[in-house]
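These are my notebook entries on charged side chains, surface patches and backbone angles. I took the topics one after another and wrote down what I looked up.

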Amino acid sequence: MSDLSHYRNIGIFAHVDAGKTTTTERILKLTGKIHKAGETHDGESTTDFMEQEAERGITIQSAAVSCFWKGHRFNVIDTPGHVDFTVEVYRSLKVLDGGIGVFCGSGGVEPQSETNWRYANESGVARIIFVNKLDRLGADFLRVVQQTRDVLAANPVVMVLPIGREDEFTGVVDLLTRKAYIWDDSGDAEKYTIEDVPADMVDQVEEYREMLVESAVEQDDDLMEAYMEGEEPSIEDIKRCIRKGTRTMALFPAYCGSAFKNKGMQLVLDAVNDYLPSPTEVDPQPLTDEEGNETGEHAIVDADAPLKALAFKIMDDRFGALTFVRIYSGRIKKGDTILNSATGKTERVGRMVEMQADERTELDSAQAGDIIAIIGMKNVQTGHTLCDVKHPCTLEAMVFPDPVISIAVAPKDKGGSEKMGVAIGKMVAEDPSFRVETDEDSGETILKGMGELHLDIKVDILKRTYGVDLIVGEPQVAYRETITSQIEDSYTHKKQSGGSGQYGKIDYIIRPGEANTGLVFKSSVVGGNVPKEFWPAIEKGVASMMNTGTIAGFPVLDIEFELVDGAYHAVDSSAIAFEIAAKGAFRQSLPKANPQLLEPMMKVDVFTPEDHVGDVIGDLNRRRGMIKDQNAGVTGVRIKADVPLSEMFGYIGSLRTMTSGRGQFSMEFSHYAPCPANVSEKVVAQVKERKAAENK
């Protein structure tokens, strides 16, 4: 099928436990892709096919699935809800045209929903809202809709109203057609009747329908005028306006139901067809130059144009390396040679498959708008652009956050080293927020990630999937260093040992920089005291020292280095001499500029039943947390705080103990903040101890 207007590339995203994966299962069941819907809590869902996902009941990596509904082809990507895996959500959103934001009917807008919603806004992804779990205790559709307005600053438009609440939830009223869809108790999605609106809901339906029509006609001035004069727009016109508003993110159609009980899903699928954009209706992806700056050109969605595609995910499985690719323009055929513009190397397309979660269908060709997987590509990484050999181009690259936590690992037996190296290499290719490095002093392998759960699961995959038994060290926090005062100083590098020597003198000012600016190098040298050709060497020398601070050897943040004067020798001065002078200057002056240790602060969002609020807040205070906000909901209280990462290890255990197992929390990196003196001293002492132990 090649009519792109019938394609929908959609993602399903939400907070952990809002029911995304169950929603995906129901979509597959209704579209005839699977005959029995599996359940996440049984560890049997189609898209959660990793052992670690089935066991923990959470989605770890986004899974791509294709299916059809009423003549439209859906490429569905189920994304994780847990904050440690947001990079999965982020990279999926980059290649989607639309999404379904799933919210829990009782939990409402939860912390991860906010992060995902923000990512979707940044990526310009149109969405419909689905409030799930309406059969739950405390579920309230209209309250959650109001929360999306208050917390997410969205403009939701109520499209259906629920019939009954909690245990008595039986169906929904479609406001456009004024028809009630009522399901029986069999749990079969197909077993429903279409009836008139229940008598006790008529007034409410009319009130909300009027609000729906008013929101819709705001998208069309002529219709708005006619409506103001008392002319009722047709259902087709209303749908057209809602589609336009959804596409431009001016509004978000809101639906409700219970995915688990199979109620309300058909209307959500119809909404995907009716309101979410096709690949041709989305703003085309911008092209960039090698530095990542936009060139002004775009990848127009056209099957007859030269190939432009983005590799957005690498996954290793029993068949080999799978590269998930979104094709923006052109076609890919089996046997084609394509260019990877990031490496400048060509790759031959061997096997192409369409993914049905972990099942696959072989393909001979694919075209603009498709999301496919290519098997066996050699040098492709996440974010690389694949294009026509004769028309090289670069699509906007993805930017991934830096890890904030690390652990040291070593294989239990000597033979495991090579096995571990190969396995970690594959895992790093799959997940750009997972990094690995070797400690130069100790030779240890250091794994770096976004949180405890992230690294837990990586270690678990190494053990189970790759059969590498590991000894795992204590988690280490990624501290940073900076300076707090300005210092003016001078440094001379002089070396004379027969033949030509080395000479470079620099006078400079080092001062604290603005937050998140890294190293800013400037020169105010007048005259030729330090010739211009040596400035880059001085900057290079300073930049090379930013990785190792003088307090405890952690990377240095936000420093401004200004070259003000200096001297050179006509024969003995060279770029290398000035680079060495800059390194010496950094080592000499940093300790004089009141250096300070910085620690990563986490945005922590805790949900607790009301009777445990005092305990939770007291505990966060003991962990040096700053309470930012607390909101009482129907089922409990949400507390927001900024807490140092070093104080959050093992927090889930404490929280469960305090709240009798009912508390939940999520956290994500917020910013770096100065360490208190006592903490700083402790960290420096630990680093010295570790180094002493390594040198023994």
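**Entry 1: salt bridges**

I began with the count, and the structure holds 29 salt bridges. I note at the outset that the model is a predicted one. As background, side chains of opposite charge can pair when their charged atoms come close. I then looked up three of the pairs and one network.

For the first pair, I found the side chains of R331 and D304 in a salt bridge, with 3.0 Å from N to O. R331 belongs to strand β16 (residues 331-333), while D304 sits in the loop between β13 (294-299) and β14 (308-317), so this salt bridge ties together parts that are 27 residues apart in sequence. I also looked up how accessible each partner is. R331 has 39% relative accessibility and therefore counts as partly exposed. D304 reaches 63%, so I entered D304 as exposed, the cut-off for that class being over 50%.

For the second pair, I turned to E362 and R351, which form a salt bridge whose closest N and O atoms are 2.5 Å apart. Here the link runs between two strands: E362 is in strand β20 (residues 359-363) and R351 is in strand β19 (residues 351-356), 11 residues apart. I entered E362 as partly exposed because its relative accessibility is 41%. R351, at 33%, is likewise entered as partly exposed.

For the third pair, I looked up E647 and R624, where the closest N and O atoms of the salt bridge are 3.1 Å apart. Both partners are in loops: E647 lies between β36 (637-644) and α15 (651-658), and R624 lies between α14 (613-622) and β35 (626-632), with 23 residues separating them. The relative accessibility of E647 is 26%, so E647 counts as partly exposed. R624, with a relative accessible area of 25%, is also partly exposed. I then noted the network, in which R511, K522, E560 and E562 are joined by salt bridges that share partners.

**Entry 2: a negative patch**

Which residues form the negative surface patch? I found D203, E207, E210, E214 and E218. I followed up one of these residues, E214, and located E214 in helix α6 (residues 202-217). With 36% relative accessibility, E214 counts as partly exposed. That value fits the patch criterion, because a patch residue needs over 30% relative accessible area.

**Entry 3: positive phi angles**

I next looked up residues other than glycine with a positive phi. R178 is one such residue, with a phi of about 55°. I placed R178 in the loop between β8 (171-174) and β9 (179-183). Its relative accessible area is 34%, so R178 is partly exposed.

N516 is another non-glycine residue with a positive phi, near 65°. N516 also belongs to a loop, the one between β31 (502-512) and β32 (519-523). Is N516 buried or exposed? N516 is exposed, because its relative accessible area is 77%.

**Entry 4: strands β35 and β36**

I returned to the part of the chain around β35 and looked up D629, which is in strand β35. D629 has a relative accessible area of 33% and is therefore partly exposed. I noted that the C-alpha atoms of D629 and I639 are separated by 5.9 Å, although the two residues are 10 residues apart along the chain.

In strand β36 I looked up D642. Its relative accessible area is 9%, so D642 is buried; the limit for that class is under 20%. The side chain of D642 is joined to that of K628 by a polar contact of 3.0 Å.

**Entry 5: a buried histidine**

My last entry concerns H384, which I located in the loop between β22 (371-375) and β23 (385-387). H384 has a relative accessible area of 13% and is therefore buried. Which side chain does that of H384 meet in a polar contact of 3.1 Å? The partner is the side chain of N340.

Definitions and conventions
Residues numbered from 1 in each chain as written. Predicted model: local features only at pLDDT ≥ 70, side-chain atom pairs only at ≥ 80, totals over all residues. Heavy atoms only, no water. Patch = residues over 30% accessible without salt bridge, like charges linked within 9 Å, V, L, I, M, F, W, Y side chains within 5 Å. Areas by Shrake-Rupley, 256 points an atom, 1.4 Å probe, with all protein chains shown as cover. Salt bridge = Lys/Arg side-chain N within 4 Å of Asp/Glu carboxyl O. Lys, Arg positive; Asp, Glu negative; His and termini not counted. Charge placed at Lys NZ, Arg CZ, Asp CG, Glu CD. Helix = DSSP H or I, 4+ residues; strand = E, 2+ residues; numbered from the N terminus. Buried < 20%, exposed > 50% of the residue type's maximum accessible area, 1.4 Å probe, protein only. Polar contact = N/O pair within 3.5 Å; in protein donor to acceptor, adjacent residues only side chain to side chain.
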